[in-house]
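This note is addressed to a colleague who is meeting the structure for the first time. Please read the points below alongside the sequence and the model.

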Amino acid sequence: MQGVLSGFAVIAVVIAVGYLIGRRGHLGENGPEVLTRLAFHVATPALLFTTLSRADLSVILSGRLLITALCTAATAGAFIAVGALRGWGVGRTTIGALCSSYLNAGNLGIPIAAYVLGDASLIAPVLLFQQILVTPLALTVLDLSGAESGSGGKDPLWKRLTTPLRNPLALSSLAGVTVAATGWSVPGPLGDPVALIGNMSIPAVLLALGISLCGSSLPGGPGPDRLPVLLSTALKSVGQPLLAWFLAAEVFGLDGEPLLQVVVVAALPAAQNMFTYASRYQVGERLARESILLSTLASAPVMVGVAAVLG
């Protein structure tokens with residue numbers, strides 16, 4: 001428990017530093033965007049490759065990924081069922097289903113896996129699953145519902161379906177897994193610079209998150225999106241970790257540290273790129289923005305509670 005709280009304390013301090021930087025405007029208006037791009041395109045791929053190339057594949061390819069997949073399908077399905085009954089529309093319901101189930105594995109998952117769970121490679125299976133399966137499926141549904149929202153994706157179908165093959169996080173994860181599977185040892189002159197670049201990932205992501213909190217308004221206010229926002233937040237912040245807990249303990253027989261790892265990962269908030277999808281297709285933008293913010297605020301106390309019980 002002490003180690004988990006120390007991990008959260010490290011993350012909180014760095015986020016707070018980012019918030020102060022944002023308040024003082026030291027990095028200018030484009031500071032968060034530059035930090036996010038640096039982390040997404042350069043530092044985080046380097047970190048994932050370095051971590052996975054040295055990882056134990058039995059951990060990466062364990063039954064934990066199946067638990068994540070089942071929880072994702074269940075929480076997304078619950079939102080879709082309510083959305084169908086309430087007549088929220090295909091596009092809006094798809095965005096809400098994503099906010100109910102799609103983990104923020106890249107921005108928050110890696111720091112939490114590294115500093116709270118002690119192993120950044122634990123988040124790699126989730127990244128691969130979401131980038132290779134969930135993202136193409138969701139984008140295809142959003143594109144097919146473009147007539148409803150008045151806007152659709154302009155990229156051809158083949159380009160959308162091959163999005164994971166152009167995603168630096170997915171590519172670096174696959175490269176790292178390949179190196180681990182072959183047993184090849186990356187030479188120092190190549191591996192050391194990559195590792196050094198990867199060390200920038202977590203600080204950059206957390207600082208950018210802290211800066212982005214400046215000027216944020218409270219979500220969940222009155223309006224047509226209030227019920228979808230509250231439903232997606234409840235499913236993501238409470239439903240998904242509870243289901244992961246049940247499946248891991250009662251169905252897969254996990255306990256101790258493996259059980260803690262599965263439930264903490266399931267308690268990650270909704271991913272920030274859900275708002276990118278909503279903006280691109282001009283559907284459910286407020287739903288995505290407020291669901292992401294609310295689930296992010298709820299995730300820390302949920303994870304601390306999980307650690308107190310299971311840690």
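The points that follow treat the nonpolar cores, one buried residue and the cavities.

1. Status of the model. The structure is a predicted model, and the points below should be read accordingly.

2. The largest nonpolar core. This core comprises 38 residues, and those with the most contacts inside it are I112, I123 and L268. Its largest share, seven residues, is supplied by helix α14, which spans residues 256–266.

3. Surroundings of I112. When neighbours within four places in sequence are set aside, I112 is in contact with I11, L117, V264, L268 and M303. L268 is itself among the residues with the most contacts inside the largest core.

4. A second core. Separate from the largest core is a second one of 21 residues, and L98, M274, A278 and V283 are included in it.

5. Residue T68. This residue is part of helix α4, residues 64–86. T68 counts as buried because its relative accessibility is 13%, and the cut-off for buried is under 20%. Residues up to four places away in sequence not being counted, T68 touches L103 and V126.

6. Cavities. Two cavities of 30 Å³ or more are counted. The second largest cavity holds about 40 Å³ of space. Its lining consists of I67, T68, C71, L103, Q240, A244, V262, V265 and A266; thus T68 and L103, which touch each other, both appear in this lining.

7. Composition of that lining. Helices α4, α13 (226–251) and α14 each contribute at least two residues to the lining of the second largest cavity. By class, the lining residues are seven nonpolar, two polar and no charged.

Note on methods: Residues numbered from 1 in each chain as written. Predicted model: local features only at pLDDT ≥ 70, side-chain atom pairs only at ≥ 80, totals over all residues. Heavy atoms only, no water. Core = buried A, V, L, I, M, F, W, Y, C linked by side-chain atoms within 4.5 Å. Buried < 20%, exposed > 50% of the residue type's maximum accessible area, 1.4 Å probe, protein only. Helix = DSSP H or I, 4+ residues; strand = E, 2+ residues; numbered from the N terminus. Contact = heavy atoms within 4.5 Å. 1 Å grid on protein atoms, 1.4 Å probe; cavity = no way out; pocket = protein on both sides within 12 Å on 5 of 7 lines; lining within 4 Å. Points joined across faces, edges and corners; volume = space filled by probe spheres on them. Nonpolar A, V, L, I, M, F, W, Y, C, P; charged D, E, K, R; others polar.
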